Amino acid sequence: MTQLTDLPAWQALKEHYAEIKNEHMRDMFEQQPSRFEQFSLKINDILFDYSKNRISQQTMDLLLQLAEQADVSGWRQKMFAGEPINHTENRAVQHPALRYLGNEPQYADGERIDEEIKEELKRVKALAESIRTRRWRGHSNQPITDVVNIGIGGSHLGPLMATEALRPYAIHDLHIHYVSNIDENHINNTLESLNPDTTLFIISSKSFTTQDTMVNAQTAKTWLLNKIQSESLLPQHLVAVTSNIQAATEFGIAEENIFKMWDWVGGRYSMWSAIGLSIVISIGSENFDDLLQGAYEVDEHFKTAPLAENIPVIMALLGIWYNNFFGAESIAILPYDQNMHRFPAYLQQADMESNGKGCDRSGQTVDYTTGPILFGEIGIASQHAFYQLLHQGTKLVPSDMLAPISNFLCIAKHHRALMSNIFAQAEALMKGKTEKEVISELTAQGMNSEQIEMLLPYKIFPGNRPTNTFLFYTLNPKTLGSLIALYEHKIFVQGVIWNLNSFDQWGVELGKVLATNILEEINAGQLVSSHDCSTNGLINYYMDLKPKNLG
């Protein structure tokens, strides 16, 4: 066993699981009419209802003991103090400093950072407002109408998700586009309706060497030069967010158009920084401030609330309960707000890149399961896609449901129907439908005993499927900031308990290195034999067809 599985709370949870695993939530609710009050928490306008989980007060007490024994509070203090808790890269983890609104100095690796953060945010806002007010002009003195963010991973998913989620707060004749895929269809499809005279590109890359981003950036630059025909005019159409200023200037970006990234900010936690430039351009400085405010208030809640009343801690512990004791391998994120359609994909990267690891902080292979498979989609669409598996499949899939009480433009007929679905689905997943209820229902429909016997097994719903429900008044910038920060800190807490470094991503590196080597072989144009027989065969098959089909 490892240090984690040796902990007294872990052993107690194993015993408790054996006692509670066959209990049904339907019975729990009948026996505990106050479960909603007992197992729900609020921060600002966000209600977090976790009563529809396979838990008792004893479960929560033991899980909280696990958090204490894993020293969640100590690691939390280290993160906010700017200590280098990303030990494999010897870096601090200070994304909360990017949205800190208090008066205390902020540090990373012993250096004060708050003044630099404020200065860079001021520069971001100045550029964004110059574009929004049409003062920034292209080479032909026309205002910018389209902004294209070129990035990948955290330099893409966060800004894309937030821009889509906050669409009602955007200027709708100023169009924001996102390009991430190295497949030429992505950038070609984006550029085909744009005008070089009125287009601004944001090249977002921490290293300014990432292949996907730089290939797309070069295509964008070539596209501009086909019309502009002068590199001296490129600064009016190119800006960058990077920590590699030299590479950006060599690419042709004016130094005054380059915004900083810092080593103590991981890509998937960077939307609060200059990486969020496209968000600020879209929704404006005041709304971006509200986004930061929402995240900051969650940071303060996470720092100060007792563990038993701490929403990210409770979210994390419930995930540990299902992942490590019930054997649940996945979690579904189900927003009931169309504008949140990229929220599951954003969390997918944040969670799976952070905790999808099998090696603990001491370099040992773990003997327990870690990060879950995270997937999701808009709730209503999901009901007609994969809810069948959630309700009657053989896999336990805990789910998070998120919904606004009111929309930006709320049409009562639409919204009441929407809300009835989220309430009904959570209840159905919890209660299910018993054999007795099915027989009664089919009898009332006039079916005879033979018909009932045939249909009976198909109509039974086992229930006992756990859900968390997040209700918030409306999806405004502040609330979105709060929701994102809640999940960020949940991921952190789970990483602490699993004894992982949640802030490196070495698993991304191997494929990048191999792709670089294979690209050199493809460019050389010779048959290859340096790989396994399958990889050799695939590359050579591609090489054989490439002259005829791909030019």
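How many aromatic pairs does a search of the whole structure find? I ran this on a predicted model, and the search gave 23 aromatic pairs.

**Entry 1. Aromatic rings**

I started with W321 and F325. Their rings form a tilted pair, with 5.6 Å from centre to centre and 40° between the planes. The two residues are four apart in helix α14, which spans residues 311–326, so about one helical turn separates them. I looked up exposure and found both W321 and F325 buried.

W321 also pairs with F326, and here the arrangement is edge-to-face: the centres are 5.3 Å apart and the planes stand at 80°. F326 is buried, as is W321.

I then asked which residues form one aromatic cluster with W321. The members are W10, Y17, W321, Y322, F325, F326 and Y368.

**Entry 2. Charges over rings**

I noted two arginines placed over phenylalanine rings. R35 lies over the face of F29, 5.1 Å from the ring centre. The charged end of R76 sits over the ring of F302, at 5.6 Å from the centre of that ring.

**Entry 3. Salt bridges**

The search of the whole structure returned 20 salt bridges. I went through three of them.

D263 bridges to R91, with 4.0 Å between the closest N and O atoms. D263 is in the loop between β9 (258–260) and α12 (277–283), and R91 is in the loop between α6 (72–80) and β3 (107–108), so this pair ties together parts that are 172 residues apart in sequence. I checked whether each partner is buried or exposed. D263 counts as partly exposed at 44% relative accessibility, and R91 also counts as partly exposed, at 23%. The pair does not stand alone: E89, R91 and D263 are linked in a network of salt bridges.

D114 and R112 meet through their side chains in a salt bridge, 2.8 Å from N to O. D114 is buried, with a relative accessible area of 7%, whereas R112 is partly exposed at 48%.

E120 forms a salt bridge with R123, and their closest N and O atoms are 2.7 Å apart. I placed both in helix α7 (residues 114–132), where they are three residues apart and so separated by about one helical turn. E120 counts as buried at 6% relative accessibility, while R123 counts as partly exposed at 25%.

**Entry 4. S130 in α7**

I stayed on helix α7, since S130 lies there too. At 9% relative accessibility, S130 counts as buried. Which residues does S130 touch, not counting those up to four places away in sequence? I found R135 and W136.

**Entry 5. Helix α9**

I listed the buried residues of helix α9, which covers residues 184–191, and got I187, T190 and L191. They span an arc of only 95° around the axis, which puts them on the same side of α9. Against which elements do the buried residues of α9 pack? I recorded the strands β5 (146–150), β6 (175–179) and β7 (199–204), together with helix α10 (211–228).

**Entry 6. Cysteines**

I looked for disulfides and found zero in the structure. I looked up exposure for two cysteines. C359 is partly exposed, with a relative accessible area of 40%. C533 is exposed, with a relative accessible area of 71%.

**Entry 7. Positive phi**

I also noted backbone angles at two residues that are not glycine. N90 has a positive phi, near 55°. N90 is in the loop between α6 and β3, the loop that also holds R91. With a relative accessible area of 58%, N90 is exposed.

D109 has a positive phi as well, about 50°, although D109 is not a glycine. I located D109 in the loop between β3 and β4 (111–112). At 39% relative accessibility, D109 counts as partly exposed.

Key: Residues numbered from 1 in each chain as written. Predicted model: local features only at pLDDT ≥ 70, side-chain atom pairs only at ≥ 80, totals over all residues. Heavy atoms only, no water. Buried < 20%, exposed > 50% of the residue type's maximum accessible area, 1.4 Å probe, protein only. Arc of directions from axis to C-beta. Contact = heavy atoms within 4.5 Å. Disulfide = S-S within 2.5 Å. Phe/Tyr/Trp six-rings, centres within 6.5 Å; stacked < 30°, edge-to-face > 60°. Lys NZ or Arg CZ within 6 Å of the ring centre and 35° of its normal.
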